[in-house]
Structure formats: structure tokens, C-alpha cells
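Please walk through the model below, beginning with a pair of neighbouring strands and moving outward from there.

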Amino acid sequence: MASVDVTVLGAGIFGLSIAWECARRGAKVRVIDPHGPGAGASGGVVGALAPHVPEQWNAKKAFQFNSLVAAEAFFRGVEAASDLSTGYARSGRVQPLAPEGRALAEVRAAGARALWPGFAWRIETASRFPGWHLPGEVVFDDLSARLHPRRATAALVAALRAAGSEVTADAPLQGRVIHSTGHHGLIQMSQGRARAFGGGVKGQSALFAADLRDLPQLYIDALHIIPHADGTTALGSTSENDWSDPTICDGQLDTLIMRARDLVPPLRDAPVIDRWAGIRPRARSRAPVLGVHPFRAGEFIANGGFKIGFGMAPGVARVMADLVLDGRDDIPAAFHPDTCL
Ligand SMILES: Cc1cc2nc3c(=O)[nH]c(=O)nc-3n(C[C@H](O)[C@H](O)[C@H](O)COP(=O)(O)OP(=O)(O)OC[C@H]3O[C@@H](n4cnc5c(N)ncnc54)[C@H](O)[C@@H]3O)c2cc1C
């Protein structure tokens, strides 16, 4: 590639989304990842694009809302440019509602009416979603969406290449440099400093051969059940601060699978066809870290997607492209690297 405007280190959902947004705006982009696209947390199977509850509104929730709204056009654009599916669909989310939770659900429904223009959080009878076999009432939100992580990263790579950008294992750094190196990057930055900048939280997940594609995703008893368009259904995830092997799936996942089989009738007899573990990049603030790199003069950082990196990616791509290409800083103060130091 002759001359590169932007080099992105890290081909996870953050790096690839930023690269795509920059390429879409006309920049020549190079993505470098020695381990290959989707080698980190973004190479999994779960892919819930789901909002926080519509209450105690803050900059992070507003940013996430705008990103979730933008996701449809963003991933449709990737699909058009790559001719590949990302597995995106705004299929909504169902959560069982116990009678004692009804008053709070009504408060949240009112919150959504005020804070989620165009989208709803509402109480429905569970029989509206017969495929889930739930009793009583549920909360349904029509903002949540699903994405297939592996397909989305592959589609982003193809879209970038179709736009004349480069995705490679090794090449010189040229132009403006963005570090989106996931938990490795957070750990590396913390080395030798008084306080850890961030680190990694392990998650284990599973994939069932269960074709539930016409159902919304289900959040039940802290389990995420995500029906994908390809006839598989994902189950996530453990949350482990202490781990030694980042890739191994163990008895903690077996327990999750047993709970899912107990709680969700369509999964009772469905075979598990994949088990996957990854390390979520978690900054000390638990929020994304976006902006000018705190330790590398003239360079940039986008990291800390933690548990909601896929849902945040379209918003992260927009503000990082604004900053890197146009010098416009539209990043919430809570996400600035200084806040996490
Ligand atoms: C089990 C599990 C389930 C999850 N479920 C969801 C979900 O349902 N919804 C959701 O929104 N999020 C979910 N997440 C979180 C989501 O996966 C992460 O927030 C997101 O993938 C982070 O993306 P990233 O690009 O920042 O990091 P990564 O995907 O980790 O990418 C970082 C990349 O940087 C590369 N790299 C490292 N060092 C260098 C270097 N020196 N130079 C170049 N490249 C380098 C790595 O090889 C890697 O490919 C889940 C995570 C896990 C583990």
C-alpha cells in the first residue's frame, strides 16, 4: 500500500470498526494484528447488543444508546461493502418478570419513553413469545439486537479489503496510530506503574445447535441466550477475575450449560457444538478508554469494551474517526484516558 493515513493496531471489534469508519470516510487504513482478526475477545459466539436499563441516565448510557441505534446502519454498511452477513438483526430482548418486579419495570418503561426516542421497554405477556415457554409476564425491549461476532469480524475485514485497506500480521506503522489491542494492551500499559490501568476478565460461552432464529434474545437468571440467524443459539457467559489459561473451558461452563438446559426448554436436548473462552478488556473505570494515548505522544487509544464492546463499537468508531481524521473530540469525558489513570 503506497501511503497509509491511519494504522490500527488490533483486529478486534474496536480496531476493525474504527478502521472501517476511517476507510468509509476516505482514509487509507492499515490494520495490524500479529494473531489475526478476531483472535481476542471479538472472536467468540455470543454477540448481544443490549442496552443498560433506562434509569440513572449518564454519559455512558447515552453513548451506548446512540451506538445501539447507529448499529443497524453501521453493520448493514459493512454487509453491503463485504457481501457477507454480520448476523446483525434488531430482534429485541425478553426478560422474565416476577410479580414483585412489576412496579420497577413500569418505572423503567416510563424511563424508556423519556430516554429512548423511537424504542420501547414494555411489559408483555410471556405467551407473546411462545417459543421461549415462559410463564406470566416478561419485559420486552425492541432496542436490543444480535450480531454474530465471528461473522462480523470476517465481514469487517472483507469490507476493509474491498475498500482498498490492508489487514495484515506485520507492517510498518504509518500515519496516525491507534492502539486497540484489547486486554494485552491494558496489561502492558499497566506494567511498571503505581496503579493498574486495567486488565482482563475471562468469559466462557457455548453454542447450541438450536434453531431459534425468529425469537428475540433472552436474558434469564443472568444468562444471555442469543439465537443467531444461522440456526445456532449462543449462551454466555462466566465472569472470572482469576484465571491462568485464557482459552480453556472448564466446569464453570458445564454449570452454565446445565442451568440453561433447566431454565430454557428449547435448549434442554439441543447439542452443544462449540465452547469458547476469551478475555474481555476491562479498564479500571469499567468504561471504554478512548482518545489521545496517555503514554505515546501523538498516538491514540480505543480499548476497554469490557462486556459491551460489540454494542459500543459503532459509537466508538464514529468518535475515534472524528478525533483521528478531523481533530474533533466528541468523546464523553468519562471515557478520556486521563479519567482512568
Ligand atoms: C465470553 C464472552 C462473551 C461476550 N459477550 C458479549 C456480548 O454478548 N456483547 C458484547 O457487546 N460484548 C461481549 N463480550 C465483550 C466483547 O467481546 C469485547 O468487549 C470486545 O470483543 C473487545 O474488543 P476489542 O477489539 O477491544 O478487543 P479484542 O477483541 O480482544 O481485540 C484485541 C486485538 O488486539 C490484538 N493485539 C494484541 N496486542 C497487539 C499488538 N501489540 N499489536 C497488534 N495487535 C495486538 C489481539 O490479537 C486482538 O486480536 C464478550 C466477551 C466474552 C469473553
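Thr7 has Arg30 as its bridge partner in strand 2. The two strands involved, strand 1 (residues 6-9) and strand 2 (residues 29-32), run parallel and are joined by four bridges. In general, the strands of a sheet pair through backbone hydrogen bonds, in either a parallel or an antiparallel way. The structure in view is a predicted model, and the description that follows should be read with that in mind.

Which strands make up the open sheet, and in what order? The sheet has six strands in the order 8-2-1-9-16-15, and its pairing is mixed. Strand 8 (166-168) and strand 15 (289-292) form the edges, each pairing on one side only. From one strand to the next the twist averages 15°.

Helix 7 lies across four strands, namely strand 1, strand 9 (176-179), strand 15 and strand 16. Relative to strand 16, helix 7 runs at about 175°. The loop between strand 16 (300-303) and helix 7 holds Phe306. Phe306 is not a glycine, yet its phi is positive, at about 45°. Is Phe306 buried or exposed? Phe306 counts as buried because 20 C-beta neighbours lie inside 10 Å, and 20 is the number at which a residue is classed as buried.

A second positive phi in a residue other than glycine belongs to Ala222, where the value is near 70°. Ala222 sits in the loop between strand 11 (217-220) and strand 12 (223-227). Ala222 has 10 other C-beta atoms within 10 Å and is therefore exposed, the limit for that class being 12 or fewer.

Another backbone feature is the peptide bond from Gly236 to Ser237, which is cis with omega near -15°. Ser237 belongs to the loop between strand 13 (233-236) and helix 6 (251-263).

The ligand comes next. How many residues surround the ligand? There are 40, and the closest are Gly12, Gly40, Gly182, Gly203 and Gly309. Several elements supply at least two residues each to the shell around the ligand: helix 1 (13-24), helix 5 (182-190), strand 10 (198-208), strand 14 (272-283) and helix 7 (309-326). Helix 7, which lies across strands of the open sheet such as strand 1 and strand 16, is thus also one of the contributors to the shell. By class, the shell comprises 23 polar, 14 nonpolar and three charged residues.

Strand 10, another contributor to the shell, contains Gly198. Gly198 has 22 other C-beta atoms within 10 Å, so Gly198 is buried. The C-alpha atoms of Gly198 and Pro337 are separated by 11 Å, although the two residues are 139 residues apart along the chain.

The view can now widen to the whole chain. The protein contains seven helices and 16 strands. Of the contacts with a separation of 6 or more, 75% are between residues 24 or more positions apart. Buried residues account for 48% of the 341 residues.

What radius of gyration would a compact globule of 341 residues have? The value would be near 20 Å, and the protein has 20 Å, so the two agree. Along its principal axes, the C-alpha trace spans about 60 × 45 × 40 Å.

Methods
Residues numbered from 1 in each chain as written. Predicted model: local features only at pLDDT ≥ 70, side-chain atom pairs only at ≥ 80, totals over all residues. Near = placed C-beta within 6 Å. Nonpolar A, V, L, I, M, F, W, Y, C, P; charged D, E, K, R; others polar. Rg over C-alpha atoms; globule rule 2.2 N^0.38 Å. Contact = placed C-beta atoms within 7 Å. Pairing = 2+ DSSP bridges. Axes fitted to C-alpha atoms, helices over the stretch in contact; angles between N-to-C directions.
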